[in-house]
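Student: I would like a close look at one part of this protein. Please take me through it step by step.

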Amino acid sequence: MFHPPPGTSGLITGVGISLAIGTLAYSTRGPGPFNLDPQNRAGAFEPFLAKYLRAAEYVIGLATGSIILLIGSSALHGQGGHLPWFYASPLLLLAFCVIYGVGFMVWLIYNYEEHQHGNPHTRFAYSLSLSLGFSSLACFCVG
């Protein structure tokens, strides 16, 4: 009987969450372009940007703390320096949470900078922002 390596379900779930949210976000948006500034007021997105970045920092902090707690608890409970196999999937999901969260922060800042330089915020860019942000949150919750 075939047994997949530890963490395979976490890997599949982490990628699947992102693909599902990305597909949903892209298919439910209009053709664009989208204006990041509410009511077309220049700089109106900056308070929202600060809130989004702070929320992402918070989730990333919780995820990295959870990773350290899982690894540290096994080191202190006489596992001989080895993690139990069933920690692999939650650790991978928490790692995806961090990766998607950092990607969300960088992508959002980059796109807002591009928007301020007059480049349109496309359907793909908007969908990717949604996908990265909500995938980070979903991977944290599932992990």
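Student: Is Leu-11 buried, partly exposed or exposed, and at what relative accessibility? Please use that residue as the way into its helix.

Tutor: A caution to begin with: this is a predicted model. Leu-11 counts as partly exposed, because its relative accessibility is 43%, and buried would need under 20%. Leu-11 lies in helix α1.

Take the helix as a whole. α1 runs over residues 8-27. That makes 20 residues. From its first C-alpha to its last, α1 reaches 28 Å, close to the 28 Å expected at 1.5 Å a residue.

Now the buried side. The buried residues of α1 are Gly-10, Gly-14, Ile-17, Ser-18, Gly-22 and Ala-25. They sit on the same side of α1, because they cover an arc of only 115 degrees around the axis. The spacing rule behind such a pattern is general: an α-helix has 3.6 residues a turn, so residues three or four places apart point the same way.

What covers that side? The cover of the buried residues of α1 includes α3 (88-116) and α4 (123-142).

Ser-18 gives a detailed view. Ser-18 is found in α1. It counts as buried because its relative accessibility is 16%. Leaving aside neighbours within four places in sequence, Ser-18 is in contact with Tyr-100, Ser-131 and Ser-135. Two of these names come back in α4: Ser-131 and Ser-135 are among the buried residues of that helix. Others in the α4 list include Ala-125, Leu-130, Leu-132 and Cys-139. α4 also has 20 residues. It reaches 27 Å from its first C-alpha to its last, close to the 28 Å expected at 1.5 Å a residue.

Turn α1 over. The face turned away from its buried side carries the exposed residues Ile-12, Leu-19, Thr-23 and Leu-24. Leu-19 has a second role in this picture. Together with Leu-11, Val-15 and Leu-92, Leu-19 forms a nonpolar patch on the surface. The patch has about 320 Å² of accessible area in total. α1 gives the most to it, with three residues. So your starting residue, Leu-11, is part of that patch, being partly exposed at 43% relative accessibility.

Gly-16 is another intermediate case. Gly-16 lies in α1. It counts as partly exposed because its relative accessibility is 31%.

Next, look outward along the chain. Gly-16 and Leu-36 are 20 residues apart in sequence. Their C-alpha atoms are 28 Å apart in space. Ile-17, one of the buried residues of α1, can be paired with Asn-40. Those two are 23 residues apart along the chain, and their C-alpha atoms are separated by 33 Å. Asn-40 lies in the loop between α1 and α2. Asn-40 is exposed, because its relative accessible area is 63%.

Past that loop comes a charged pair. Arg-54 forms a salt bridge with Glu-57, and the closest N and O atoms are 3.1 Å apart. The count for the model comes to one salt bridge. Both residues lie in α2 (residues 46-76), three residues apart, about one turn of the helix. Arg-54 is exposed, with a relative accessible area of 53%. Glu-57 is partly exposed, at 38%.

Back to α1 to finish. Its buried residues lie on the same side, and exposed residues including Ile-12 and Leu-24 are on the face turned away from that side.

Terms used
Residues are numbered from 1 along each chain as its sequence is written. This is a predicted model: local features need pLDDT of at least 70, side-chain atom pairs count only at pLDDT 80 or more; totals for chains, interfaces and linings use all residues. Side-chain values use heavy atoms; hydrogens and water are left out. Helices (H or I, at least four residues) and strands (E, at least two) are DSSP runs, numbered from the N terminus. The expected span of a helix is 1.5 Å times one less than its number of residues. Buried means under 20% relative accessible area, exposed over 50%, partly exposed in between (1.4 Å probe, protein chains only). The arc is that of the directions from the helix axis to the C-beta atoms. Contact means heavy atoms within 4.5 Å. Patches are made of residues with over 30% relative accessible area and no salt bridge: like charges are joined within 9 Å, nonpolar side chains (Val, Leu, Ile, Met, Phe, Trp, Tyr) within 5 Å. Accessible areas come from the Shrake-Rupley method with a 1.4 Å probe; for residues, only the protein chains shown count as cover. A salt bridge is a side-chain nitrogen of Lys or Arg within 4 Å of a carboxyl oxygen of Asp or Glu.
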